[in-house]
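User: Please take me through this model from its strand pairing to its interior, giving the cut-off behind each term as it comes up.

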Amino acid sequence: AYDPAPSAAARAADIEFVPLAEALAAADIVSLHCPLVAATRHLLNRATLGWLKRGATLLNTSRGGLLDPEAVIEALDTGRLSAVALDLYE
């Protein structure tokens, strides 16, 4: 998992935390669960989406601004993403 500041409970739950690039490169499915703040706006953008393995699936039920919409469309068009599920958008 990736979390820039994992809670004590999360650290105690035997979860392996890795850098964002490593988490995205290993994931078949990416599910976002974070607030929209300056540091997370367009967290998934052209560069970070490039770290995904081809054919990954992206789920975002957190905040629309976490995704750069143009980069997500490009990732779908090129096959970097096989599917995107959203219940919101920027």
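Analyst: Two strands pair if DSSP finds at least two bridges between them, and both strands (E, at least two residues) and helices (H or I, at least four) are DSSP runs numbered from the N terminus. The model is predicted, so local features need pLDDT of at least 70 and side-chain atom pairs count only at pLDDT 80 or more, whereas totals for chains, interfaces and linings use all residues. Residues are numbered from 1 along each chain, and side-chain values use heavy atoms, without hydrogens or water.

User: Which residue of strand 3 is the bridge partner of L59?
Analyst: Strand 2, residues 56-60, pairs in the parallel sense with strand 3, residues 81-86, over five bridges. Within that pairing L58 stands opposite V84. For L59, the bridge partner in strand 3 is A85.

User: Which residue of strand 2 is the bridge partner of L32?
Analyst: L32 lies in strand 1, which covers residues 29-32 and pairs with strand 2 in the parallel sense over four bridges. The partner of L32 in strand 2 is N60.

User: Which residues make up the uncovered face of strand 2?
Analyst: The residues of strand 2 are divided between two faces, and A56, L58 and N60 belong to the covered one. On the uncovered face are T57 and L59.

User: Does L32 count as buried or exposed?
Analyst: Buried means under 20% relative accessible area, exposed over 50%, and partly exposed in between (1.4 Å probe, protein chains only). Leaving out residues up to four places away in sequence, L32 touches L44, L58, L59, N60, T61, S62, L66 and L67, where contact means heavy atoms within 4.5 Å. Because its relative accessibility is 7%, L32 counts as buried.

User: How far apart in space are the C-alpha atoms of L32 and S62?
Analyst: S62 is among the residues that L32 touches, although the two are 30 residues apart in sequence. Their C-alpha to C-alpha separation is 6.3 Å.

User: Which element gives the largest share of the largest nonpolar core?
Analyst: A nonpolar core is a set of buried Ala, Val, Leu, Ile, Met, Phe, Trp, Tyr and Cys residues joined through side-chain atoms within 4.5 Å; the largest here has 17 residues, and those with the most contacts inside it are V30, L32, L44, L49, L52, L58 and L81. Two or more residues each come from helix 2 (20-26), strand 1, strand 2 and helix 4. The largest share, three residues, is given by helix 4.

User: Which residues is L58 in contact with, leaving aside its neighbours within four places in sequence?
Analyst: L58 is on the covered face of strand 2 and is one of the residues with the most contacts inside the largest core. With those sequence neighbours left aside, the residues in contact with L58 are V30, L32, L44, L67, V72, L81, A83, V84 and A85.

User: What is the separation between the C-alpha atoms of L20 and T48?
Analyst: L20 is found in helix 2 and counts as buried because its relative accessibility is 16%. Beyond its neighbours within four places in sequence, L20 is in contact with Y2, L43, T48 and W51. L20 and T48 are 28 residues apart along the chain, and their C-alpha atoms are separated by 8.4 Å.
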